[in-house]
Amino acid sequence: MSHTEKRPATKPAGEVTPIVRKTVTTLSDGRELIYFDDSEPYLSGEATRELHDGRGLPTSTPLSSMRRDPLTGDWTALAAHRMNRTFMPPANENPLGPTRPGQLPTEIPADNYDVVVFENRFPSFARTAYLDEELPSTVDGMDLVPQAPGRGRCEVVCFSPNSAGSFCELSERRVRTIIEAWADRTAALSALDGIEQVFCFENRGEEIGVTLQHPHGQIYGYPFLPPRTEAILRQSRAYFEKTGRQLQHDVVMAELDARTRVVFESEYWFAYVPAAAKWPLEVMLVPKRDVSDFPALSVEERGELAVVYPQLLRQVDRFFPGIEKTAYIAGWNQAPVNEGREFGRLHLQLFSLRRSPDKMKFLAGSESAMAVWINDTTPERIAERLREVAEHE
């Protein structure tokens, strides 16, 4: 079963966004796959991507659960099926590449694509989690430790059919299509029952723990609010009760006014290093306007983001002398779907676990055990270095 839409799935009211063609199909195990095309002849509909997955996979029914820590209140996801997920396969077994004649079939049936999104085969959270099985509401009858099905959704976003590239090397048009995919999926996952927050992110580099080198990202639909979001909401509510003002708005304006840690500024976006940065390389990218999530971005904001985001990634790649590709985690924080949405604000938090060209930052006792961070540099030095390696055109 499949269908095609020649329109953006999400757009701000009264605005028309650049067209991408969205084609939805189902893989042989029941997982959803979506092509986002910006190139001809697929954009015009003169051609259609391959929709049939001939692998004959068994129906996907991953069992995910979650348990709440009574001491911290944090939820932990349990997904034992992920133990056997694909790990650093040889080039001819890359599951994220196109399916080419004479080669093993991949997760993507077509022999080429622009951008593809599909449900993760080894998800941390799944809509099918324990739908047909009884899961006790507590662990071993202990009321202090509640548990529940991990009924979220996890998707993979393939940025390019080229397995050797990086996000920062993509064309402006292709990045624009990825932004449309993020907006589309944010809206779609937010509409699902039980989803509390949608998180788009990219892990890059073996140092981070990446198991597939093909340039890709992920999208999580969480069935609860993650600890970082809970903390932001707690601080934002307290600040609002005291001042009647929005905390994240005032932080953005204060950083723009101080300019000490500003990395660059454009018409609609600016990048800065947080004043209390935890990581030896950490930077945030935020819209100047108060925007809740990707679907709420205007046409102009989306267009400029397609330019400034890869620019920032190239600065990150030049941060450490002698390092060609900096390992990083790039996480797009969006407003919660339900609780506390009025306090949410779209922002990118990008950081690296590297602290020098030949050293990694290991999370030892203080960070890992007590969540008390010690940075090996200062935010001002990070910002200075990022400005130093900026592109000069």
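# Close-up views of a predicted model

**View 1. Lysine 361 and the residues around it.** Leaving aside residues up to four places away in sequence, K361 touches K278, W279, P280, L353, R354, R355, E367, W373, I374 and D376. Please keep in mind, here and in every view below, that this is a predicted model. To find K361, look in the loop between β18 (359–360) and α5 (365–370). Is K361 buried or exposed? K361 counts as buried because its relative accessible area is 6%, and the cut-off for buried is under 20%. One of the residues that K361 touches is E367, and the side chains of these two are joined by a polar contact of 3.1 Å.

**View 2. A salt bridge between two loops.** Stay with K361 for a moment and bring D376 into the picture: the two form a salt bridge, with 3.8 Å between the closest N and O atoms. This pair links distant parts of the chain, with D376 in the loop between α5 and α6 (379–388) and K361 in the loop between β18 and α5, 15 residues apart. How accessible is D376? D376 has a relative accessibility of 48%, so it counts as partly exposed. Its partner K361, at 6%, counts as buried.

**View 3. A salt bridge within helix α6.** Here the side chains of R385 and E388 meet in a salt bridge, at 2.5 Å from N to O. Both residues belong to helix α6, where they lie three residues apart, about one turn of the helix. E388 counts as exposed because its relative accessibility is 52%, while R385 is among the buried residues of α6.

**View 4. The two sides of helix α6.** Which residues of α6 are buried? They are P379, I382, A383, R385 and L386. These residues lie on the same side of α6 because they cover an arc of only 160° around the axis. The other side of α6 holds the exposed residues R381 and E388. What do the buried residues of α6 pack against? Their packing partners are β12 (262–265), β14 (281–287) and α4 (299–317).

**View 5. Strand β3 and its neighbours.** Strand β3 covers residues 32–37 and is mostly covered, with five of its six residues buried. Strand β2 (residues 21–26) pairs with β3 in the antiparallel sense, over six bridges. To follow this pairing, start at T23, whose bridge partner in β3 is Y35. Together β2 and β3 form a hairpin with five residues between them. In the turn you will meet G30, which has a positive phi of about 100°. Strand β6 (residues 115–119) also runs antiparallel to β3, and four bridges join the two. Here L33 stands opposite F118 in β6.

**View 6. A buried salt bridge, and the wider set.** The side chains of D29 and R31 meet in a salt bridge of 2.8 Å from N to O. Are these two residues buried or exposed? Both D29 and R31 are buried. How many salt bridges does the structure hold? The total is 32, and the pairs shown in these views include D29 with R31, D376 with K361 and R385 with E388. Salt bridges that share partners also join K22, E32, E119, R153, E155, D184 and R185 into one network.

Key: Residues are numbered from 1 along each chain as its sequence is written. This is a predicted model: local features need pLDDT of at least 70, side-chain atom pairs count only at pLDDT 80 or more; totals for chains, interfaces and linings use all residues. Side-chain values use heavy atoms; hydrogens and water are left out. Buried means under 20% relative accessible area, exposed over 50%, partly exposed in between (1.4 Å probe, protein chains only). A polar contact is a pair of N or O atoms within 3.5 Å; within protein, one must be able to donate a hydrogen and the other to accept it, and residues adjacent in sequence count only if both atoms are side-chain atoms. Contact means heavy atoms within 4.5 Å. A salt bridge is a side-chain nitrogen of Lys or Arg within 4 Å of a carboxyl oxygen of Asp or Glu. Two strands pair if DSSP finds at least two bridges between them. The arc is that of the directions from the helix axis to the C-beta atoms.
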